[in-house]
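Dear colleague,

I am handing over the structure we spoke of, with the sequence alongside. Please look it over first; my notes on what was found follow below.

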Amino acid sequence: MRILTDRRRAAALFGLLLPLLLWSAAVRAVPEIQQWTTAKGAEVLFVAAPEIPMVDVRVVFAAGAARDGDQPGIGALTNALLAEGAGKLTADQIAERFDAVGANFGNDSLRDMSIFTLRSLTEPKRLKPALETFALVLGQPTFPEEAFLRERGRMLVALRYEQQSPSKIAERRFYAGLYGQHPYAVPPLGTAESLAALTVPALKAHYDRNYVAKNAVISIVGDLDRAAAEAIAEQVTAGLASGQAAAPLPKPEPRKEAERIEVAHPSTQTHVWMGQLGVQRDDPDYIPLYVGNHILGGSGLVSRISQEVREERGLAYSAYSGLSAMEARGPFIMGLQTANENRDEAMQVLRRTFAEFVAEGPTDEELERAIKNITGGYPMQIDSNSDIASYLSMIGFYDLPLDYLETFPKRIEAVTAKQIRETFQRRFHPERLLVVTVGRS
């Protein structure tokens, strides 16, 4: 009954604070970022947000799928196992301890990073136990055998789903074709064979190597002063070894020629992935490519790709482009799903639209609309503590300047049509596209 009462009180307090949160976000200026390093070597980025009595803590490790090596899937499985047992606590006890104080815990694993998040009210009787449990999860995981078998089984089920999903098949084949032997080619869920070969000792070794303070970035945003934030950073890394930061990822090799990979699948629609290497996150070309991609296919129904493929010809419900900037050069992807009989025409339109954009760049009207859209929506991208914490992680992980949030709108506004055209021509080559199709021939 006490746990239920505490949870109801916490939920009620969050509800009462929501209008204040929305109001404060509307008037909040771009936050000042403070940066330092913990005693064990973790990088910390902190923003004081005194508007509401809560705090968001986000810890990322360079321990995503790109660090799996010859054990595909080990990064995702290790990430999942940390909250399945820690210290003397079981998974249920960990969850109950967070729930009892109204705290939210989360974890995720991507290609570049392994992520852990905590949101809590700053009231000491709630924050103190929430941080204690969070630190226990990060610093003293026990990797219970039963949980290992269960989570590995869950990943095998997810893997079987991927093997039946046309979009997931296309994604796997695209990354494998684009990256070859590069770590980004490693599928985050691994393979049935690689998962079967994993063991608890292997996960512990992966944890010991990668979950260390010098391989971590900590973001803290909330109703705290610098001293309190420093104490939190030291607490959540207390159980970690100092260790060493992961070595930089190798540079992927750009494609020298076009390639088409066709995968037969008994689906009513063909899924198309088309693209090549993009940029890494700290590349000076990122901003003009970001704006250009927004115009080309990243802005939904008003983008040029959507207009040409969907609105003008009705060849696909969804047609888009995306730029994934990562530690190493991430992919630039154009995609669509279309009826099998429309596949060739839709692909032709997509290719032509891309080639014309690379050759000519955007119109002045397209650029003006894109700049207004991006800068106008930017305040909503940093309108909550968790949003800011996510940006801080990105800034720390990819070694971006501390004034990134402040200068982003100005850098967007400074982009010219000529700059976009010249950058696209220098970075992309329509005659060298990798194309993956999954569907009926």
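In this predicted model, the axes of helix 2 (residues 74-81) and helix 8 (residues 200-210) come within 10 Å and cross at roughly 90°. Angles from 65 to 115 degrees count as roughly perpendicular, and helix 2 and helix 8 are therefore roughly perpendicular to each other. On the side of helix 2, the contact involves I74, G75, L77, T78 and L81, which meet A202, L203, H206 and Y207 of helix 8. Sorted by character, the residues of this contact between helix 2 and helix 8 comprise 6 nonpolar and 3 polar ones, with no charged residue among them.

A second pair of helices can be described in the same terms. Helix 10 (residues 286-298) and helix 13 (residues 364-381) have axes that come within 10 Å and cross at roughly 110°, which makes helix 10 roughly perpendicular to helix 13. Here Y290, V291, H294 and I295 of helix 10 make the contact with E366, L367, A370, N373 and I374 of helix 13, and the residues of the contact of helix 10 with helix 13 divide into 6 nonpolar, 2 polar and 1 charged.

Turning to the aromatic residues, a search of the whole structure finds 22 aromatic pairs. One aromatic cluster is formed by F61, F116, F143, Y207 and Y211, and Y207 is also one of the helix 8 residues that meet helix 2.

There are also arginines placed over tyrosine rings. R111 lies over the face of Y175, at 3.7 Å from the ring centre, while R281 lies over the face of Y286, at 3.9 Å from the ring centre; residue 286 also belongs to helix 10, which spans residues 286-298.

Finally, a word on confidence, which you may wish to keep in mind when reading the above. The mean pLDDT of the protein is 93, and 93% of its residues reach 70 or more. Over residues 1-28, however, the pLDDT is below 50, and this stretch has 28 contacts in the model beyond near neighbours in sequence.

With kind regards

Conventions:
Residues numbered from 1 in each chain as written. Predicted model: local features only at pLDDT ≥ 70, side-chain atom pairs only at ≥ 80, totals over all residues. Heavy atoms only, no water. Phe/Tyr/Trp six-rings, centres within 6.5 Å; stacked < 30°, edge-to-face > 60°. Lys NZ or Arg CZ within 6 Å of the ring centre and 35° of its normal. Axes fitted to C-alpha atoms, helices over the stretch in contact; angles between N-to-C directions. Helix = DSSP H or I, 4+ residues; strand = E, 2+ residues; numbered from the N terminus. Parallel < 35°, antiparallel > 145°, perpendicular 65-115°, else oblique. Contact = heavy atoms within 4.5 Å. Nonpolar A, V, L, I, M, F, W, Y, C, P; charged D, E, K, R; others polar. pLDDT = per-residue confidence, 0-100.
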